[in-house]
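User: I should like to learn how to read contacts, burial and aromatic packing in a model. Please take the features one by one.

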Amino acid sequence: MFSPMFVLRQLGAFDFWWWMTTNLFVLLTICFITDREYLYLLRKDFSENILRKTGIGLLSALFLYLLFFAGNYLSRLWFDFASPGIDSVYKFKGDAAGIRIALLMLLVIGPGEELFWRGYLQRKFSAKYGKWAGLVIALILYTGVHVFTGNFMLIMAALICGLFWGWMYLKYESMLINVISHTVWDIVVFLVLPFSA
């Protein structure tokens, strides 16, 4: 469901952002129907230690942004292919208005990706195969859907982010932390302080 949107980016008026949003709605609907315990776990998580979790989520988003800031600078300096690869990521914006991208990232895409990749898949695989194995399997799948772009820089970004958020979930077992971290990072790196040249 994810891989074709990275390749095609747009089918008529149905652009990358609507496609991503639709994918996540469908997948999360399936997750919540097939795993009734998941909603209970989320309600519990989102109602306990909210300030602490918010702080950790924000700090982790800042840390990840600074890591990518350094990575952007060094990779452009060292590798000829880095600049075109990084700049290509920002072409996903297309003609979409910044406010629509921001709202979809805030309300669906940032939260939805964490709820699906870490909160559902990693949790399920971890319960079956162990915590670290669950992280690795979810990471391989998360990174794998980006392979179809053929963009080495995007694949590496997915690998680093997937590993970071996978570890965060393994450590804190909190979707609230992960959702805040992912959503804030998405908006900052794509709209507020992007790395486009």
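User: Leaving aside its neighbours within four places in sequence, with which residues is Leu28 in contact?

Analyst: Contact means heavy atoms within 4.5 Å. By that criterion, and with neighbours up to four places away set aside, Leu28 is in contact with Gly112, Leu115 and Phe116. This is a predicted model, in which local features need pLDDT of at least 70 and side-chain atom pairs count only at pLDDT 80 or more, while totals for chains, interfaces and linings use all residues. Residues are numbered from 1 along each chain as its sequence is written, and side-chain values use heavy atoms, with hydrogens and water left out.

User: Where is Leu28 found, and why does Leu28 count as buried?

Analyst: Helices (H or I, at least four residues) and strands (E, at least two) are DSSP runs, numbered from the N terminus. Leu28 is found in helix H2, residues 16-34. For accessibility, buried means under 20% relative accessible area, exposed over 50%, and partly exposed in between, with a 1.4 Å probe and protein chains only. Leu28 has a relative accessibility of 11%, so Leu28 counts as buried. Asn23 is also found in helix H2, and its 4% relative accessibility makes Asn23 buried.

User: How far apart in space are the C-alpha atoms of Asn23 and Ile109?

Analyst: Sequence separation and spatial separation are to be read side by side. Asn23 and Ile109 are 86 residues apart along the chain, and their C-alpha atoms are separated by 9.5 Å. For the chain, residues 24 or more positions apart account for 74% of the contacts with a separation of 6 or more.

User: How many aromatic pairs are there?

Analyst: Rings of Phe, Tyr and Trp (its six-membered ring) pair if their centres lie within 6.5 Å; planes under 30 degrees apart count as stacked, over 60 as edge-to-face and the rest as tilted. The count by this rule is 19 aromatic pairs. In one of them, the ring centres of Phe16 and Trp17 are 4.9 Å apart and the planes stand at 90 degrees, so the pair is edge-to-face. Phe16 and Trp17 are both buried.

User: Which residues form one aromatic cluster?

Analyst: One cluster is formed by Phe32, Tyr38, Phe116, Trp117, Tyr120 and Tyr142. Tyr120 lies in helix H6, residues 98-129, and counts as buried because its relative accessibility is 16%. Apart from residues up to four places away in sequence, Tyr120 touches Cys31, Thr34, Asp35, Tyr38 and Leu115.

User: Which residue other than glycine has a phi near 50 degrees?

Analyst: The sign of phi is read together with the residue type. Asn49 has a positive phi, near 50 degrees, and is found in the loop between helix H3 (36-45) and helix H4 (50-78). Glu173, likewise not a glycine, has a positive phi of about 50 degrees. The loop that holds Glu173 runs between helix H8 (152-172) and helix H9 (175-192). Glu173 is partly exposed, with a relative accessible area of 48%.

User: How many helices and strands are there in the chain, and how compact is the chain?

Analyst: The chain has nine helices and two strands. The radius of gyration is taken over C-alpha atoms, and the globule rule is 2.2 Å times the number of residues to the power 0.38. The radius of gyration of the chain is 16 Å, close to the 16 Å that the rule gives for 197 residues, so the chain is as compact as a globular protein of that length. Of these 197 residues, 49% count as buried.
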